[in-house]
Amino acid sequence: MDIVKTHRVHGGTLSYARHDSAATGTAMAFSVFVPPGDGPFPVAIWLSGLTCTEDNFTTKAGAYEAAARLGLIVVAPDTSPRGEGVADDEAYDLGQGAGFYVDATEAPWSPHFCMETYVVRDLVEMIDAELPTNGRRAIFGHSMGGHGALTLALNHPHLFTSVSAFAPIASPTRCPWGEKALGAYLGSNPDRWARHDAALLIEAGAGHGQYDDILIDQGDADPFLADQLKPELLTAAADLAGQKLTLRLQPGYDHSYFFMASFIDDHLAFHAKRLHASVES
């Protein structure tokens, strides 16, 4: 882990860092906040949305006062591999900045766009090796990152104690963003897309028994609500599967970081309650 720069924040330390990823074949950037004290601490991994880097959450979410108070390490990685020789697209919703947290199987994406393995293997291993963690993890995110948080938690329940999301892409097999990205990264056969669709995973019982609740916040003034996000598909799937899922439709809020900054403390408290309880038990 190479530290690029550090800042003192709410008594803790915020660092921008890089490390080499075998999954992506590139260096990957991330930010990490370590709260005051000696630790060890549980970890909350944040996954950002389309066009974002490791900097968007870090500078806009206002998460670190609560993280310091609750004793949480917070790690926010970049949303895709980048650099010379890494494939890209002119559109904002494909390529660099739009990794969708899947392992691509199709050219030209497959050599580097392995974001699922990056998060659940390379990033987790780096966190456990380099940071004062107790091995307990939560995962949460926004939009594309909310999709990633849900699907990674549901596909890898042994890695995470809790999961939440802001305005997630609930069912990428049934929206334009997801159809475009999954088709490009995984090929045209939609049967290969299902394990990257949170609504379908919940309906099939993935993660059942691991998560006592899944917290979703969604603004009702979000311009992407009806066509791209479709949170009602999550609640319908949870009802069918008997999975508790709390969807909070927040009046007047949009898709921006103003929305996330307004409710980030709730999500950190949600995770802290479960992470600290798992340690105590």
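A residue counts as buried when its relative accessible area is under 20%. By that rule, buried residues make up 58% of the 281 residues in this protein. The model you have open is predicted.

**The whole chain**

Start with everything shown as a cartoon. There are nine helices and nine strands. Along the principal axes, the C-alpha atoms fill a box of roughly 50 × 45 × 35 Å. The radius of gyration is 17 Å, which agrees with the value near 19 Å for a compact globule of 281 residues.

Now turn on contacts. Take those between residues at least 6 apart in sequence: 72% of them join residues at least 24 apart.

Switch to a surface view. The protein exposes about 10,700 Å², and carbon and sulfur atoms supply 50% of that area. Colour by charge next. There are 18 positive and 35 negative side chains. The centres of the two sets lie 4 Å apart.

**Helix H3**

Select residues 115-130. This is helix H3, and it has a kink of about 30°. Where is the kink centred? Look at Leu123.

Leu123 is also one of the buried residues of H3. Select the others with it: Met115, Glu116, Tyr118, Val119, Val120, Asp122, Val124, Met126 and Ile127. Note that Glu116 and Asp122 are in this buried set.

What covers the buried residues of H3? Show strands S2 (12-21), S3 (26-34) and S4 (41-47), which are part of the cover. Add strands S5 (73-77) and S6 (133-142). Helix H4 (144-155) belongs to the cover too.

**Ser15, in strand S2**

Stay with the cover and pick Ser15, in strand S2. Is Ser15 buried or exposed? Its relative accessibility is 8%, so Ser15 counts as buried. Set aside neighbours within four places in sequence, and Ser15 is in contact with Ile3, Lys5, Thr6, Phe30, Ser31 and Val32. Now draw a distance from Ser15 to Val75. The two residues are 60 apart along the chain, yet their C-alpha atoms are separated by 9.6 Å.

**Met144, in helix H4**

Move to Met144, in helix H4. Met144 has 0% relative accessibility, so it counts as buried. Show its contacts beyond four places in sequence. They are Ser48, Gly49, Leu50, Thr79, Gly97, Ala98, Gly99, Phe100, Tyr101 and Ile169. Then find Leu47. Met144 and Leu47 are 97 residues apart in sequence, but 8.0 Å apart from C-alpha to C-alpha.

**Two cis peptide bonds**

Select Gly39 and Pro40. The peptide bond between them is cis, with omega near 0°. Pro40 lies in the loop between S3 and S4.

Go on to Ala107 and Pro108. This peptide bond is cis as well, with omega near 0°. Look for Pro108 in the loop between S5 and H3.

**Two positive phi angles**

Select His10, in the loop between strand S1 (2-9) and S2. His10 is not a glycine, yet its phi is positive, at about 50°.

Next, select Ala167. Its phi is near 45°, again a positive value in a residue other than glycine. Ala167 sits in the loop between strand S7 (162-166) and helix H5 (176-186). How accessible is Ala167? Its relative accessible area is 0%, so Ala167 is buried.

**Leu200, in helix H6**

Select residues 198-203 to see helix H6, then pick Leu200 within it. Leu200 counts as partly exposed, at 29% relative accessibility. Which residues does Leu200 touch, not counting those up to four places away in sequence? Show Thr173, Arg174 and Ala194. Ala238 is 38 residues from Leu200 along the chain, and their C-alpha atoms are separated by 9.7 Å.

**Last stop: Asp227, in helix H7**

Finish at residues 225-229. They form helix H7, where Asp227 lies. Asp227 counts as exposed because its relative accessibility is 56%. Beyond its neighbours within four places in sequence, Asp227 is in contact with Cys175 and Pro176. Cys175 is 52 residues from Asp227 along the chain, with 6.5 Å between the two C-alpha atoms.

Key
Residues numbered from 1 in each chain as written. Predicted model: local features only at pLDDT ≥ 70, side-chain atom pairs only at ≥ 80, totals over all residues. Heavy atoms only, no water. Bend = angle between axes of the 7 residues up to and from the residue. Helix = DSSP H or I, 4+ residues; strand = E, 2+ residues; numbered from the N terminus. Buried < 20%, exposed > 50% of the residue type's maximum accessible area, 1.4 Å probe, protein only. Contact = heavy atoms within 4.5 Å. Rg over C-alpha atoms; globule rule 2.2 N^0.38 Å. Areas by Shrake-Rupley, 256 points an atom, 1.4 Å probe, with all protein chains shown as cover. Lys, Arg positive; Asp, Glu negative; His and termini not counted. Charge placed at Lys NZ, Arg CZ, Asp CG, Glu CD.
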